[in-house]
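Trainee: I would like to learn how to read a structure like this. Could we go through it feature by feature?

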Amino acid sequence: MSNRNKGIILLLLSAFGFAMMAALVKLSGDVPTVQKTLFRNMVSAIIAFGFVVYHKERLFGRKENQKILLLRSSLGTIGIVLYFYAIDHLVLSDADMLNKLSPFLTILFSALFLKERARMFQVIAIIIAFLGTLFIIKPSFSYEFIPYLAGVLSAVFAAGAYTVLRVLGSKEKFYTVVFYFSFFTTVSMLPFVFIYFEPMSLKQLIYLLLAGVFATIGQFGITIAYKFAPAKEISIFFYSTVVYSALISIMIFGQVPDMYSIIGYIIIFGASFYMFVKNNKE
């Protein structure tokens with residue numbers, strides 16, 4: 001099997017992992033968002049800890065990388081809390097697609113903060129993608145607008161975290177970065193969980209622990225996939241997560257995306273596909 005095909009399979013597996021994580025978070029019901037975030041990241045931290053110890057690497061990275069790792073973890077933590085809030089209050093595939101704005105925003109942030117020149121076709125794709133979000137959000141500026149705003153902001157903070165990761169580059173092993181982020185999120189959520197803690201049933205606990213397992217599969221899958229093939233060649237396959245989420249929404253939650261949302265999905269996917277084709281041509 002070629003490295004490119006290995007990368008595609010791993011990316012499809014990663015997308016399935018993240019879709020299952022989102023579904024399990026939603027299935028866990030009325031547990032506070034901070035509590036869901038803690039359990040999801042606690043499991044990831046334990047699994048990543050095993051990888052770090054096995055490879056005899058530093059748990060918290062090198063001293064010179066601490067500011068970058070802290071910034072990446074802070075942005076990622078806020079992003080995941082907002083994403084889980086959106087998952088709880090929106091159709092699953094809507095929340096997922098809004099979160100998938102992060103690759104477009106990463107291009108924008110890289111241009112603004114890292115002085116990486118954005119090409120014209122990337123700018124066009126970003127504009128098209130944001131037009132697609134309007135179909136999903138259907139702005140009404142009422143109370144119902146808040147979860148959609150949370151979904152968009154989750155993508156903003158995720159893009160910020162990915163931009164910081166570009167600065168970090170290959171200075172740290174991926175399992176060290178995953179452990180640092182998961183540990184940071186777990187510790188930072190603890191005070192909020194003590195304040196807002198809600199007792200959970202055994203079923204809810206199992207759902208959240210499984211969400212952590214699937215999140216780790218998603219995290220490791222996407223990281224290893226990009227070691228086999230460049231992002232510009234295979235990144236389009238990560239959008240399969242929206243297909244998984246839409247099917248899960250219909251089969252498990254009985255939530256069918258409306259026509260405007262489906263148009264929004266097609267527009268955002270089209271923008272990504274356009275960027276994918278142009279990247280490969282170059």
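Trainee: Leaving aside its neighbours within four places in sequence, which residues is F104 in contact with?

Mentor: Keep in mind that this is a predicted model. Contacts between residues far apart in the chain show what packs against what. Apart from neighbours up to four places away, F104 is in contact with A125, I126, A129, Y239, I268, A271, S272 and M275.

Trainee: Which residues have the most contacts inside the largest nonpolar core?

Mentor: In soluble globular proteins, nonpolar side chains tend to be buried together. Here the largest nonpolar core has 60 residues, and M21, I87 and F104 have the most contacts inside it. Helix α1, residues 3-27, gives this core its largest share, 11 residues.

Trainee: How do I read a pocket, and which residues line the second largest pocket?

Mentor: Take the lining, then its classes, then the elements that supply it. The second largest pocket is lined by M97, I236, F237, Y239, S240, V242, V243, A246, P257, Y265, I266 and F269. Its volume is about 170 Å³. By class, 11 lining residues are nonpolar, one is polar and none is charged.

Trainee: Which helix gives the largest share of that lining?

Mentor: That is α11, with four residues. Both α11 (240-251) and α12 (259-281) supply at least two residues of the lining. Y239 appears in two lists: it lines this pocket, and it is in contact with F104.

Trainee: M259 is also in helix α12. Is M259 buried or exposed?

Mentor: M259 has a relative accessible area of 56%, so it counts as exposed, the cut-off being over 50%. Sequence distance is a separate matter from distance in space. M259 and F135 are 124 residues apart along the chain, and their C-alpha atoms are separated by 8.9 Å.

Trainee: What about Q204: how far apart in space are Q204 and V193?

Mentor: Their C-alpha atoms are 15 Å apart, with the two positions 11 residues apart in sequence numbering. Q204 lies in helix α9, residues 202-228.

Trainee: Why does Q204 count as buried?

Mentor: Buried means under 20% relative accessible area, and Q204 is at 15%, so it counts as buried. For a polar side chain, look next at its partners. The side chain of Q204 reaches the backbone oxygen of S28 at 2.8 Å. Beyond four places in sequence, Q204 touches S28, G29, D30, V31 and P199.

Trainee: Is T33 buried or exposed?

Mentor: T33 is buried, with a relative accessible area of 16%. T33 is found in helix α2, residues 33-54. Not counting residues up to four places away, T33 touches V81, F84, Y85 and D88.

Trainee: One last feature, the backbone. What is phi of K56 near?

Mentor: Most residues other than glycine have a negative phi. Phi of K56 is near 55 degrees, a positive value in a residue other than glycine. K56 sits in the loop between α2 and α3 (66-89). K56 is exposed, with a relative accessible area of 76%.

Notes
Residues numbered from 1 in each chain as written. Predicted model: local features only at pLDDT ≥ 70, side-chain atom pairs only at ≥ 80, totals over all residues. Heavy atoms only, no water. 1 Å grid on protein atoms, 1.4 Å probe; cavity = no way out; pocket = protein on both sides within 12 Å on 5 of 7 lines; lining within 4 Å. Points joined across faces, edges and corners; volume = space filled by probe spheres on them. Nonpolar A, V, L, I, M, F, W, Y, C, P; charged D, E, K, R; others polar. Buried < 20%, exposed > 50% of the residue type's maximum accessible area, 1.4 Å probe, protein only. Polar contact = N/O pair within 3.5 Å; in protein donor to acceptor, adjacent residues only side chain to side chain. Contact = heavy atoms within 4.5 Å. Core = buried A, V, L, I, M, F, W, Y, C linked by side-chain atoms within 4.5 Å.
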